[in-house]
Amino acid sequence: IVCYYFYCFVTLIDLGLKPFAVPEWFEGNPPTSLQEIPDVMSGIELIPLEGDVPSPEVIISLEPDLVIVPEEFATPLEGIVPTFIPLPLNSLEALFENMPFYGQLLDREAEAEIAIKALQDRISAYQNTVPRNDLTVMNIISVDESDPSGGELFVRTLNSADCALLDLILECPYEDPVANGQAYSFSTNIEYVLEQDPDVLLVRFREIPLNEGRELLESDILWSELSAVQNDRLITGNVNLTASGFAEATFLLDNTIPRIFPDVFPNGPLTDEEVQEILAEQ
């Protein structure tokens, strides 16, 4: 199986499989939720790029049993190697709708059902445990680290899987003010963030250590005015907290909800056993 993008990779792992080959942009940058798995990239072929596109010639030469590929990249491969075009990703609905397709395609229907139930149970357990569900949470996936107050910021919207997932437990109500509510993220500035003043901020730093990034925002004259910063609800990371697959969605929940409510989750993320205990009590 050749995977073109992260959702395919993490979904195969969820189903007990592993891709045979992936584009070379995966090297040194495996999906967030898989980075702690030892040797997760071992034995996987890397497909060189032609421009920004994985080389169709190399993919064909590998003689794969199946290529899971977005529609916009499928044309050079159609009729030559077996291809599967999943539903367009990004939305939470597509995240859940794609899993049964993968299960049927790869003869892993039972595993797909288990994965769906596990994520649904985890969502329900967090929903039933958090003491406040009215806190607003903003996911800023890109910040200008050289100019945090004056630079460009990218905020995830309710259309994205990650914001919609968080919105099931807290509130992630943000919409692109320009794109008629259709975008998954939008460019903005610190003035917009100050106007919204979210209770919780998720901020990714790409180029500087997390402790430096946190200190940078806490000491900034504008960022320091935000409620999330003043109330110690600034959650920083060096990976995208998104939901591009079931493992990614679980990673997002487990790395945000316990950090927002440390008194409720003193031991960190819920274990599978704790999830079932919480659901059994309802």
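The crossing of α1 and α4 is right-handed, and this is a predicted model, so treat it as such. Another helix pair, α5 and α10, goes by in a left-handed crossing. There's also some empty space to look at: a search of the whole structure turns up 1 cavity of 30 Å³ or more, and the second largest pocket holds about 250 Å³.

**α1 against α4**

- Helix α1 covers residues 6-14 and helix α4 covers residues 92-105; their axes come within 11 Å and cross at roughly 60 degrees.
- That angle makes α1 oblique to α4.
- On the α1 side, the residues in contact are Y7, C8, T11 and D14, and they meet L95, N98, M99 and Y102 of α4.
- Sorted by class, this contact comes to 5 nonpolar, 2 polar and 1 charged residues.

**α5 against α10**

- Here the packing angle is about 15 degrees, and the axes of α5 and α10 sit 10 Å apart.
- Because angles under 35 degrees count as roughly parallel, α5 is roughly parallel to α10.
- α5 brings A115, I116, L119, R122, I123 and Y126 to the contact, while α10 brings F246, A249, T250, L253 and D254.
- The class split for α5 with α10 is 8 nonpolar, 1 polar and 2 charged residues.

**The second largest pocket**

- This pocket has 14 lining residues, and A115, A118, L119, T250 and D272 are the ones nearest its centre.
- Three of those names, A115, L119 and T250, also turn up in the contact between α5 and α10.
- At least two lining residues come from each of α5 (109-129), α10 (246-254) and α12 (272-281).
- The top contributor is α5, which gives 7 residues to the lining.
- By class, you get 7 nonpolar, 2 polar and 5 charged residues around this pocket.

**The largest cavity**

- Its volume is about 40 Å³.
- Strands show up in the wall here: β8 (137-143), β11 (200-204) and β12 (234-237) each supply at least two lining residues.
- The full lining consists of N139, I140, I141, L202, V203, R204, I235, G237, V239, N240 and L241.
- Those lining residues divide into 7 nonpolar, 3 polar and 1 charged.

Note on methods
Residues numbered from 1 in each chain as written. Predicted model: local features only at pLDDT ≥ 70, side-chain atom pairs only at ≥ 80, totals over all residues. Heavy atoms only, no water. 1 Å grid on protein atoms, 1.4 Å probe; cavity = no way out; pocket = protein on both sides within 12 Å on 5 of 7 lines; lining within 4 Å. Points joined across faces, edges and corners; volume = space filled by probe spheres on them. Helix = DSSP H or I, 4+ residues; strand = E, 2+ residues; numbered from the N terminus. Nonpolar A, V, L, I, M, F, W, Y, C, P; charged D, E, K, R; others polar. Axes fitted to C-alpha atoms, helices over the stretch in contact; angles between N-to-C directions. Parallel < 35°, antiparallel > 145°, perpendicular 65-115°, else oblique. Left-handed = near helix turned anticlockwise from the far one by under 90°. Contact = heavy atoms within 4.5 Å.
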